[in-house]
Amino acid sequence: MRTNRHQYFLDLAQRCANQGTCLRRNFGAIIVDEYNTIVSTGYTGAPRKQMDCTELNRCWRKDHNIPSGSNYERCRSVHAEMNAMLQAGKLARGCTLYLAGFDVSTGELTQIWPCFLCSKMIVNSGITNVIMRTTPDEFKEMDPMVLYQMRSRESLGDDSPS
């Protein structure tokens with residue numbers, strides 16, 4: 001059975017997540033242009049030529065009980081969306097970013113919301129649409145500026161300017 005294009009690209013993003021090297025959660029990202037051509041892909045993993053958590057068999061954040069969603073600067077991995085944007089460079093302008101991921105310990109689908117830093121990068125890259133898998137058959141579509149404003153309020157507080 002043929003799937004619609006959003007499900008197709010989300011399935012590919014989910015497949016990219018399987019390449020991730022995080023011991024907690026892995027995500028995959030696909031950047032697609034206006035012609036539905038894949039511009040780049042990315043997954044959660046350590047910087048190039050650096051040992052990753054699967055090679056080390058340990059996660060610094062997990063070892064130090066860092067709560068999920070905080071202190072990303074203390075993580076060895078680069079986020080999937082960052083890796084995809086780095087690969088795409090200027091070609092990301094006007095594109096759609098697809099995101100999907102899973103919890104490593106359970107294998108269960110994880111709803112992804114780009115972190116505050118990634119949301120800033122998404123806006124600056126010129127990506128015009130973000131589509132995130134929420135269930136195997138459903139997704140949430142967001143304007144990058146709305147995503148950034150949401151993450152900004154969460155990170156900086158409700159009284160901060162957008």
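The exercises below, each with a worked solution, concern the sheet and the nonpolar cores of a predicted model.

**Exercise 1.** Work out in which order the strands lie in the sheet, and which strands form its edges.

*Solution.* Begin with the order, which runs E2-E1-E3-E4-E5 across an open sheet of 5 strands with mixed pairing. Next look for strands that pair on one side only, and you arrive at the edge strands, E2 (38–43) and E5 (138–142). Finally, follow the sheet from one strand to the next, where the twist averages 20 degrees.

**Exercise 2.** Determine in which sense strands E3 and E4 pair, and which helices pack on the sheet.

*Solution.* Strands of a sheet pair through backbone hydrogen bonds, either parallel or antiparallel. For E3 (residues 96–103) and E4 (residues 129–135) the sense is parallel, over 4 bridges, and Tyr-98 has Ile-131 in E4 as its bridge partner. Turning to the helices, H1 (residues 5–17) packs on the sheet and touches E1, E2, E3, E4 and E5, with its direction at about 50 degrees to that of E3. Helix H6 (residues 144–156) also packs on the sheet, where H6 touches E4 and E5 and makes about 90 degrees with the direction of E5.

**Exercise 3.** Describe the largest nonpolar core and find which element gives the most residues to it.

*Solution.* This core has 19 residues, and among those with the most contacts inside it are Ile-31, Leu-97 and Ile-127. Two or more residues come from each of E1, H4 (80–88), E3, E4 and H6, and H4 gives the most, with 4 residues. Taking Ile-127 as a closer example, its contacts include Met-85, Ile-122 and Pro-144. A second, separate core has 9 residues, including Tyr-98 and Ile-131, the bridge partners from Exercise 2.

Conventions:
Residues are numbered from 1 along each chain as its sequence is written. This is a predicted model: local features need pLDDT of at least 70, side-chain atom pairs count only at pLDDT 80 or more; totals for chains, interfaces and linings use all residues. Side-chain values use heavy atoms; hydrogens and water are left out. Two strands pair if DSSP finds at least two bridges between them. Axes are lines fitted to C-alpha atoms, for helices over the stretch in contact, and angles run from 0 to 180 degrees between N-to-C directions. Contact means heavy atoms within 4.5 Å. A nonpolar core is a set of buried Ala, Val, Leu, Ile, Met, Phe, Trp, Tyr and Cys residues joined through side-chain atoms within 4.5 Å. Buried means under 20% relative accessible area, exposed over 50%, partly exposed in between (1.4 Å probe, protein chains only). Lists of a residue's contacts leave out its neighbours within four places in sequence.
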